[in-house]
Amino acid sequence: MQVAITRAVTNYPLKDEAATMAFGAQLARLLRPGDCVALKGDLGAGKTTLVRGLIQSLLGDVDVPSPTYTLVQTYDLPDYDLWHCDLYRLENPNDAYELGLIDIMDEAVCLIEWPDRLGDLMPPDAKEIMLEFDGDCRIAKLSGFGDIHDPA
Ligand SMILES: Nc1ncnc2c1ncn2[C@@H]1O[C@H](COP(=O)(O)OP(=O)(O)O)[C@@H](O)[C@H]1O
Ligand SMILES: [Mg+2]
């Protein structure tokens with residue numbers, strides 16, 4: 001069974017793809033309009049899988065492609081727009097203005113793979129999820145989620 005995300009725990013073992021998806025679904029309840037989440041980890045660590053779990057928990061069985069080439073993929077959610085970004089191919093941080101990403105950050109939820117590509121344009125108060133390999137499994141390490149309200 002999936003361990004609930006709580007304030008007290010920062011490291012979450014994810015034993016398989018389904019666990020990563022379920023973890024993404026749990027994260028959905030922590031996000032508010034204007035939140036920016038840096039998704040860190042090497043290629044294949046599970047960043048896109050986590051976002052897929054998050055979006056499908058909110059929208060059902062929709063297609064959630066990796067924005068590898070489009071750089072951004074947007075989703076209309078009931079309470080906010082969600083921007084899923086993969087900035088691996090962003091050549092210059094300032095190109096993010098042309099994508100509309102910088103202007104939308106105050107009001108949308110932005111989930112950003114390869115956030116380092118934004119340099120100083122990455123909000124300093126962004127939440128962070130680091131996905132690390134652990135044999136065939138993964139570990140998710142959370143930071144910056146200071147406002148988690150533990151379920152009663
Ligand atoms: N917890 C996990 N344990 C093992 N494999 C996983 C886990 N989570 C995801 N995967 C697998 O790892 C790969 C991750 O791919 P992807 O999500 O595209 O990574 P990224 O976006 O970080 O490059 C997929 O093949 C997925 O099935
Ligand atoms: Mg990816």
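**From the nonpolar core to the ligand shell**

Leaving aside neighbours within four places in sequence, L111 is in contact with V37, L39, V51, L82 and H84. These contacts belong to a predicted model, and they offer a starting point for a walk through the structure.

L111 is one of the residues with the most contacts inside the largest nonpolar core, together with C110 and I112. That core has 33 residues. At least two of its residues come from each of the strands β1 (11-14), β2 (36-40), β4 (81-86), β5, β6 and β7, and the helices α1 and α2 likewise each supply at least two.

The path continues along the chain to L118. This residue lies in the loop between β5 (109-113) and β6 (127-134). L118 counts as buried because it has 23 C-beta neighbours inside 10 Å, and the cut-off for that class is 20 or more. Apart from neighbours within four places in sequence, L118 is in contact with L87, P93 and A96. A longer separation is found between L118 and V62: their C-alpha atoms are 28 Å apart, and the two positions lie 56 residues apart in the numbering sense of being that far apart along the chain.

The last region to consider is the surroundings of ligand 1. The ligand is surrounded by 18 residues, of which L14, T20, K47, T48 and T49 are the closest. Helices α1 (17-27) and α2 (47-59) and strand β7 (137-143) each supply at least two residues of this shell. By class, the shell comprises five nonpolar, seven polar and six charged residues. The elements α1, α2 and β7 thus appear in the ligand shell and also among the contributors to the largest nonpolar core.

How values were computed. Residues numbered from 1 in each chain as written. Chains lettered and ligands numbered in written order. Predicted model: local features only at pLDDT ≥ 70, side-chain atom pairs only at ≥ 80, totals over all residues. Near = placed C-beta within 6 Å. Helix = DSSP H or I, 4+ residues; strand = E, 2+ residues; numbered from the N terminus. Nonpolar A, V, L, I, M, F, W, Y, C, P; charged D, E, K, R; others polar. Buried ≥ 20, exposed ≤ 12 C-beta atoms within 10 Å, placed from the backbone. Contact = placed C-beta atoms within 7 Å. Core = buried A, V, L, I, M, F, W, Y, C linked by C-beta atoms within 7 Å.
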